[in-house]
Amino acid sequence: MSDTLIDIQMQVMWNRLVSVVEEQALTLIRTAFSTSVREAGDLSAGVFDRAGNMLAQAVTGTPGHVNTMAEAVVHFINDIGEDNIFEGDVYVTNDPWKGTGHLHDITIVSPSFYKGRLIGYFASTAHVVDIGGRGFGPDAREVYEEGLFIPIMKLFERGKVNRDLINILRNNVRENDRVVGDFYALSACNETGHKRLLDMLEEFKLDDLEHIGGFILEHSRRATLECFKSLPHGTYTNSMTLDGYDVPVTLVVTLTVGSDGIKSDFTGTSGMSQFGINVPLGYAKAYACYGLKCIVAPEIPNNTASLAPFEVTAPEGCILNAKHPAPVSVRHVLGHFVPDLVLGALHKCLPGKVPAEGASALWNLHLSVRPLESNPTGRNAEMLMFNSGGMGARSAMDGLSATAFPSGVHTMPVEATEHAGPVVVWRKELREGSGGAGQLRGGLGQEIEVSAAEGYSFRFSAMFDRIQYPARGLEGGKAGAEGFVGLDDGSLLRGKGQQFVPAERRLVLRLPGGGGYGDPRQRDPRQVERDVRAGYISAEQARNDYGFDAAQER
């Protein structure tokens, strides 16, 4: 058989492997109990070779889950021990430093056997609605307060469930049926991947993944390194200041671009916080690699080999390399700014390729809803809403509105939120004027009003940023609007920490917008007029930022 035909056959099998893990992910979406998984796609799924190298990931999923999971499987192999891995086993952890960065993410790994031999692993990750402790929020001072810490251990051994672990889990979380259900859903999705893999091996008459795995890793490595040849080699820096928790936080990166890869060094970044906004290095690395790969090698499939040339380092004890037992519950807040940070440095290397800064971090809203004394038959509920601000403008297109970059999760539908618990979402709409002005306009944030249903009140954990430091524009573009947290009576609330909303009040969130790109006065007047008609900007903003008078144009 010619080399060309062999390559075509390998590519067919590679594509088939991607479809296997995509079905694995879809099984999790169909069976998960948490709305964040079913509705927002806050998950990951992948297949790994015997050494723990990720060969393929599902398109469905977040970079924070996928890229941390790419390193996690090796930890599972080492901690369980190769002599202790049996057919029918399922392993679990939520260790922030060996998994995905905080206790709310459950990673499940299942060994895959074929004809009695271990041939690889399937892994999946999902965010569960509750893991005990203080609940999802930044107020803890140590990881011990943040919930149940599950070291790498067996959930199933030779097909038999670990009842002691399930019992401990049930007695340490508030939403035990939903959480235990998600553990089983994760196990089921890995089993789906395993069954589809066996079908593939039989169809292509393969005994294992070694041949196709070697092809995937070698071709991915070569293709990624090829992308670095045309880059201007050198050293580039960037920094940004963010709200932090009571005290502002500065993130700093130095990129070293060479023919063999890009090194991201976070030296100069602020030290750890006393609150749960700290980020384990694996999570910071996941988003640094993702941001750079989006620009440098976007067409190369994501796997161990294509991620390897992106090296990430940080001083131990800085806020992007937090050490145990630091609190890390909302590590996503600062972690989601890492792509903007590294892309800001890459802009100096590749001008015109990188978008302006965006809202970046999700405005996750965790609600603890409780019945009033006048409602003795009411039920408690723990709920999580995912909300997105605006993306920064690109060099050739406006920024996307209400879009979760870099996490990629979906904004959760109002109907799904109200179905999950006793809350009412009164308003959820694009926020006029929140996109930064520019030749290309920044994306808009959202404006949201939510209250408890009649007979209830709620506490919420704020984990919001860009209230003091909005997204910056590029090349003369203006900053996006800063965020706002308050009540419908005008009361101002804090951007981070647990707070109470009385039964008669509504919580008001105004999400930040993305930065603009280029001189606003160079924007096409027809686009400005269109933005005014659509309600994206006001007539006053059109005059002040763009020099456009709608009355005169008429």
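**Notebook: aromatic cluster, cores and helix α3**

I looked up Y287 first and found this residue buried, with a relative accessible area of 1%. I note that the model is predicted.

I then turned to Y290, which is partly exposed at a relative accessible area of 25%. Y287 and Y290 both lie in helix α7 (residues 281-296), three residues apart, so about one helical turn separates them. I recall that an α-helix has 3.6 residues a turn, so residues three or four places apart point the same way.

Next I searched for aromatic pairs and obtained a count of eight. How are the rings of Y287 and Y290 arranged? Their centres are 6.5 Å apart and their planes stand at 90 degrees; angles over 60 degrees count as edge-to-face, so I entered the pair as edge-to-face.

I returned to Y290 and found that its ring also pairs with that of F405. I recorded this pair as tilted, with 6.1 Å from centre to centre and 40 degrees between the planes. Y290 belongs to helix α7, whereas F405 sits in the loop between β13 (381-385) and α11 (414-420), so I noted a link between distant parts of the chain, 115 residues apart. F405 is buried, with a relative accessible area of 18%. Taken as a cluster, the residues linked by ring pairs are Y283, Y287, Y290 and F405.

I also checked for charges over rings. The charged end of R506 sits over the ring of W426, at 3.9 Å from its centre. R510 lies over the face of F484, 4.4 Å from the ring centre.

I then examined the nonpolar cores. Which residues touch the most other members of the largest one? Within its 73 residues, these are L251, I262, F266, L320 and L346. Helix α3 gives the most to this core, namely eight residues. A second, separate core has 58 residues, including V21, I108, V129 and I150.

I listed the contacts of I262, setting aside neighbours within four places in sequence. Among them are F228, L231, L255, V257, L292, V296 and F310, as well as T256, P309 and E311.

Finally, I inspected helix α3 itself. At 1.5 Å a residue, its 18 residues (63-80) should span 26 Å, and the end C-alpha atoms are 26 Å apart, which agrees. I nevertheless recorded a bend of about 40 degrees at A70. The helix is mostly covered, with 13 of its 18 residues buried. Just after α3, G81 takes a positive phi of about 90 degrees.

Terms used
Residues numbered from 1 in each chain as written. Predicted model: local features only at pLDDT ≥ 70, side-chain atom pairs only at ≥ 80, totals over all residues. Heavy atoms only, no water. Helix = DSSP H or I, 4+ residues; strand = E, 2+ residues; numbered from the N terminus. Expected span 1.5 Å × (residues − 1). Bend = angle between axes of the 7 residues up to and from the residue. Buried < 20%, exposed > 50% of the residue type's maximum accessible area, 1.4 Å probe, protein only. Core = buried A, V, L, I, M, F, W, Y, C linked by side-chain atoms within 4.5 Å. Contact = heavy atoms within 4.5 Å. Phe/Tyr/Trp six-rings, centres within 6.5 Å; stacked < 30°, edge-to-face > 60°. Lys NZ or Arg CZ within 6 Å of the ring centre and 35° of its normal.
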